[in-house]
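Q: I have a new structure open and would like a plain walk through it. Can we start with how the chain holds together and then go residue by residue?

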Amino acid sequence: MCCDGKEHFLTGLIDQFGRTATDLRMSLIDKCNLRCRYCMPAEGLDWLKKNDMLTADEVIRLADIAIARLGIEGIRFTGGEPMVRADLVDIIASVHNAHPQVELAMTTNGINLEKKIDDLVAAGLSRINVSLDTVCPDTFAKITRRDRLTKVLEGLHSAKAAGLDPIKINAVLLRDINDDQAAELLTWTIKHGYQLRFIEQMPLDADHNWTRDNMVTAAEIREQISQVYTLTPHKSPRGSAPAELFDVISQESGEVLGTVGIIASVTEPFCADCTRTRITADAKVRSCLFSHTETDLMGLLRDGSSDDAIADAWREAMWHKPKAHGQTKTGLGMPGFVQPERTMSAIGG
């Protein structure tokens, strides 16, 4: 018996508000080779010790439990930067070989993509999201504290040449840094055949300097883009997707040039439709990105516990998923909100 007295007659990851998690975000490492201002300080963080992180075999076992016992339909590998792990290709190949029907995706900064993309695709990787906030070299260096834009662009073009489609770009606009570059970045992504998603900056920075008042909102992003393009809501149903899609229309010809997505996690939250469950690189279940509690699976992975026992602990953790933003109501940055201690790189995007 668990889940407040409810028997496990359901095999999936259902919570007390009726949501079912079918999308797994699995962090492979907390380290990153960039130092983005909205994620971590210039000097980096105290990284996990190797023995405290999931091994490749443990990642593969958790993926198998998630798919075979818990109804997970897609896995996105995250970090930190997942390509920092030397065994990434082996992990993807093993999960794909066991479950070829399951889509395997990855979120990356793209720096090492050019060197590894062919092996990743051959292993079974089907989609990527690349974090890229600007195509201006000076702005890129200011945001990431690294002069690596050329490597990211080379990685993107290599991924396209390898046949990955769609290739999504994740971008965060920061006040007084790149908040005037939305239309420029959109023009560039349309030209190169990528799908752009703007994400409102969330309170997951290591310095805890985020404020709601200083955040570039979805409304501002739409207004800025609308100075160059006409935006109309995309016809496809949104479902549980975090991004609201818009058709991008030329103001001169009326031609639909592509789409752009806006993920308004702060000002227009979509918590009621969330289908995500998260595993950190040290094997903690986070039912919500902003959770203040975690459920440890590492002990069960290493003490001889069965797959069923691990699945039950995972179900229990997800049953107690908070209603929204780690609490009983939506409201990032509103009175009563407390930022979680873990940063985005430590959680996994």
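Q: How much of the contact in the protein chain is between residues far along in sequence, say 24 or more positions apart?
A: In the protein chain, 73% of the contacts with a separation of 6 or more are between residues 24 or more positions apart. Contact means heavy atoms within 4.5 Å.

Q: What sort of model is this, and how are things counted?
A: This is a predicted model, where local features need pLDDT of at least 70, side-chain atom pairs count only at pLDDT 80 or more, and totals for chains, interfaces and linings use all residues. Residues are numbered from 1 along each chain as its sequence is written, and side-chain values use heavy atoms, with hydrogens and water left out.

Q: How many helices and strands are there?
A: The protein chain has 10 helices and 14 strands. These are DSSP runs numbered from the N terminus, helices being H or I with at least four residues and strands being E with at least two.

Q: And is the chain compact or not?
A: Its radius of gyration is 20 Å, close to the 20 Å from the globule rule for 349 residues, so the protein chain is as compact as a globular protein of that length. The radius is taken over C-alpha atoms, and the rule is 2.2 Å times the number of residues to the power 0.38. Along the principal axes, the C-alpha trace spans about 60 × 45 × 40 Å.

Q: What share of the residues is buried?
A: Of the 349 residues, 54% count as buried. Buried means under 20% relative accessible area, exposed over 50%, and partly exposed in between, with a 1.4 Å probe and protein chains only.

Q: Which residues does UniProt mark as "binding site"?
A: The unreviewed UniProt entry puts that annotation on Arg25, Arg76, Thr107, Lys168, Arg276, Thr277 and Arg278. Positions follow the numbering used here, feature names are shortened, and annotations may be inferred rather than shown by experiment.

Q: Take threonine 107. Where does it lie?
A: Threonine 107 is in strand E5, residues 103-108. Its relative accessible area is 16%, so threonine 107 counts as buried.

Q: What does threonine 107 touch, beyond its neighbours within four places in sequence?
A: Threonine 107 is in contact with Arg76, Phe77, Thr78, Pro82, Asn129, Ser131 and Asn170.

Q: What about serine 131, is it buried or exposed?
A: Neither: serine 131 is partly exposed, at 27% relative accessibility. Serine 131 belongs to strand E6, residues 127-131. Outside the four places either way in sequence, serine 131 has contacts with Thr107, Thr108, Asn109 and Asn170. From serine 131 to asparagine 170 is 39 residues in sequence and 4.6 Å in space, C-alpha to C-alpha.

Q: Different topic. Where are there cis peptide bonds?
A: One runs from glycine 79 to glycine 80, with omega near 20°. Glycine 80 is in the loop between strand E4 (74-78) and helix H2 (88-98). Another joins aspartate 165 and proline 166, with omega about 0°. Proline 166 sits in the loop between helix H5 (149-161) and strand E7 (167-171).

Q: Which residues other than glycine have a positive phi?
A: Among them is arginine 145, with phi near 60°, in the loop between helix H4 (137-144) and H5. Alanine 283 has phi near 65° and is in the loop between strand E12 (276-279) and strand E13 (284-286).

Q: Are those two buried or exposed?
A: Arginine 145 is partly exposed, with a relative accessible area of 25%. Alanine 283 is buried, at 0%.
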